[in-house]
Amino acid sequence: MDYFLTEEQQAIQEIARQIAEEKVVPVREELDEKEQFPAEIMEICGQSDLFGLAIPEEYGGFGGGVLETSLAVEELSKACLGVSVSFAATGLGCYPILLFGSDEQKQKYLPVLASGEQLAAFGLTEADAGSDAGGIRTTATKDGDSYILNGTKQWITNGGEAGIYTIIAITDRRKGPRGASSFIVEKGTPGFSFGKKEKKMGIRASATRELVFEDCRIPAENRLGREGMGFMVAMRTLDISRPGIAAQGVGVAQGALDVAVNYARERKQFGQTIISFQAVQHMLADMAIKTEAARAVTYSVARYIDSGAKDFSKMSAISKVLGADVAMQVTTDAVQVLGGYGYMREYPVEKMMRDAKILQIYEGTNQIQRNVIGAGLIKEYAQKK
Ligand code: COS
């Protein structure tokens with residue numbers, strides 16, 4: 001299927017595919033088993049300029065957008081979601097700076113993120129504020145030319161590994177979500193520490209930690225946008241990053257489909273390869289239908305955002321739901337096609353199935369996405385009247 005990618009976009013795909021096949025596939029099982037952060041692979045992604053794909057050229061990036069990032073994420077995800085999310089989380093942490101940073105903030109932080117010298121992370125979620133992102137309690141109290149941060153962020157991807165963190169904290173509790181603001185916090189700032197690494201069902205190569213702020217003083221110039229814009233910063237960041245989750249879904253689904261088709265071509269039962277049975281062919285066909293549909297929607301939404309569209313919350317959520325659900329269904333079916341072998345660690349599909357589950361949960365559960373889609377429908381149909 002030709003998606004009319006430019007030569008540059010095809011080159012990005014090829015670079016990411018090569019890293020995935022040569023550097024990720026050989027170690028993915030070990031990274032998963034040992035829960036080991038893929039630091040060397042992140043360095044290779046940096047050397048290959050993949051971290052700068054969505055960063056403008058004037059700040060040391062490639063000047064692409066959501067589509068270029070999605071292409072790289074998809075290729076890495078075919079091999080290992082734990083690796084691809086470690087890569088993609090830097091993009092998530094970077095978007096608040098890209099979208100709302102001043103020129104000085106962009107000059108200071110984007111070049112080191114584009115080169116991969118530093119990784120980034122995004123800190124919104126707290127123990128009591130997951131889906132209800134407006135319920136965060138971490139505070140940022142103004143004190144002269146500084147803000148003092150107190151509170152704990154939970155389940156932060158790249159926590160401890162990243163050098164640069166974009167954090168949402170409350171500056172005025174009385175105003176609810178309108179009282180939140182966004183800040184850049186650097187690793188090593190006194191009063192900023194990390195909790196233990198979480199033990200997870202899947203994406204075990206990625207690092208998930210608490211971010212702990214105890215009277216952590218940061219310069220007021222680290223605030224992104226105006227006071228009170230923090231919830232909007234978070235929502236806009238998630239709107240633009242969610243097609244990346246869809247791309248993770250497309251990648252892991254394709255990876256699982258590849259394993260399932262190749263296995264079915266080799267595995268013999270009742271004197272013939274199991275792919276010759278219509279029951280198996282139909283399963284593989286359904287897996288292919290879903291994967292291709294999710295890919296088409298992901299690329300379309302990415303292109304729509306890159307075209308300069310202003311209101312893309314609904315389409316972004318649609319791509320995320322579809323990509324995540326397809327990934328869960330296709331990886332589960334891949335395990336089924338491989339039968340008992342699929343359930344064993346000797347084949348990669350059981351890991352793919354464990355990894356895929358998070359896609360329906362993080363960056364907004366698929367239930368929250370449906371709320372966003374529903375709100376979008378209500379708004380659109382009200383405007384049509
Ligand atoms: N872009 C810009 N502004 C947005 C927005 C968006 N996509 N979504 C909401 N807002 C604004 C609203 O317009 C509203 O502004 P006003 O107060 O000026 O009217 C404000 O933000 C609050 O919006 P709303 O009332 O819709 O907020 P809710 O508390 O109902 O929450 C959801 C909305 C559930 C969509 C939000 O909390 C959410 O996305 N939750 C999931 C969080 C998530 O993805 N977590 C993953 C962790 S990060 S990896």
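Arg137 lies out in the open in this predicted model, with a relative accessible area of 54%, so it counts as exposed. Its side chain meets that of Asp128 in a salt bridge, with 3.7 Å from N to O. Asp128 is exposed as well, at a relative accessible area of 59%. Side chains of opposite charge can pair when their charged atoms come close.

That pair is one example from a longer list, for the structure holds 25 salt bridges. Let's follow another one, between Arg204 and Glu35, where the closest N and O atoms are 3.2 Å apart. This pair ties together distant parts of the chain: Arg204 sits in the loop between strand E6 (192-194) and E7, Glu35 sits in the loop between helix H2 (28-34) and H3, and 169 residues separate them. Both Arg204 and Glu35 are buried.

Now turn to helix H10 (residues 349-356). Asp355 and Lys351 form a salt bridge there, with their closest N and O atoms 2.6 Å apart. The two are four residues apart in the helix, which means that about one helical turn separates them. Asp355 has a relative accessibility of 1% and therefore counts as buried; Lys351, at 7%, is buried too. Elsewhere, salt bridges with shared partners build one network out of Asp32, Glu33, Glu35, Lys199, Arg204, Arg345, Glu350 and Arg354. You will recognise Arg204 and Glu35 from the pair described above.

Helix H4 is worth a look next. Of its 14 residues, 13 are buried, so the rest of the structure largely encloses this helix. Its length can be checked too: at 1.5 Å a residue, H4 should span 20 Å, and its end C-alpha atoms are indeed 20 Å apart, so the two values agree.

Back on the surface, where does negative charge gather? A patch there is made up of Glu7, Glu8, Glu57, Glu58, Asp103, Glu104, Asp145 and Glu221. Helix H1 (7-24) and helix H6 (103-114) are the elements that each give two or more residues to this negative patch. Glu104 has its place in helix H6 and is exposed, with a relative accessible area of 59%.

Finally, a word on the backbone. Most residues other than glycine have a negative phi. Asp49, in the loop between helix H3 (39-47) and helix H4 (66-79), has a positive phi near 65°. Asp215 also has a positive phi, of about 45°, although it is not a glycine. Asp215 belongs to strand E7 (residues 208-219), and its relative accessible area of 57% makes it exposed.

How values were computed:
Residues are numbered from 1 along each chain as its sequence is written. This is a predicted model: local features need pLDDT of at least 70, side-chain atom pairs count only at pLDDT 80 or more; totals for chains, interfaces and linings use all residues. Side-chain values use heavy atoms; hydrogens and water are left out. Patches are made of residues with over 30% relative accessible area and no salt bridge: like charges are joined within 9 Å, nonpolar side chains (Val, Leu, Ile, Met, Phe, Trp, Tyr) within 5 Å. Accessible areas come from the Shrake-Rupley method with a 1.4 Å probe; for residues, only the protein chains shown count as cover. A salt bridge is a side-chain nitrogen of Lys or Arg within 4 Å of a carboxyl oxygen of Asp or Glu. Lys and Arg count as positive and Asp and Glu as negative; His and the chain ends are not counted. The place of a charge is taken as NZ of Lys, CZ of Arg, CG of Asp or CD of Glu. Buried means under 20% relative accessible area, exposed over 50%, partly exposed in between (1.4 Å probe, protein chains only). The expected span of a helix is 1.5 Å times one less than its number of residues.
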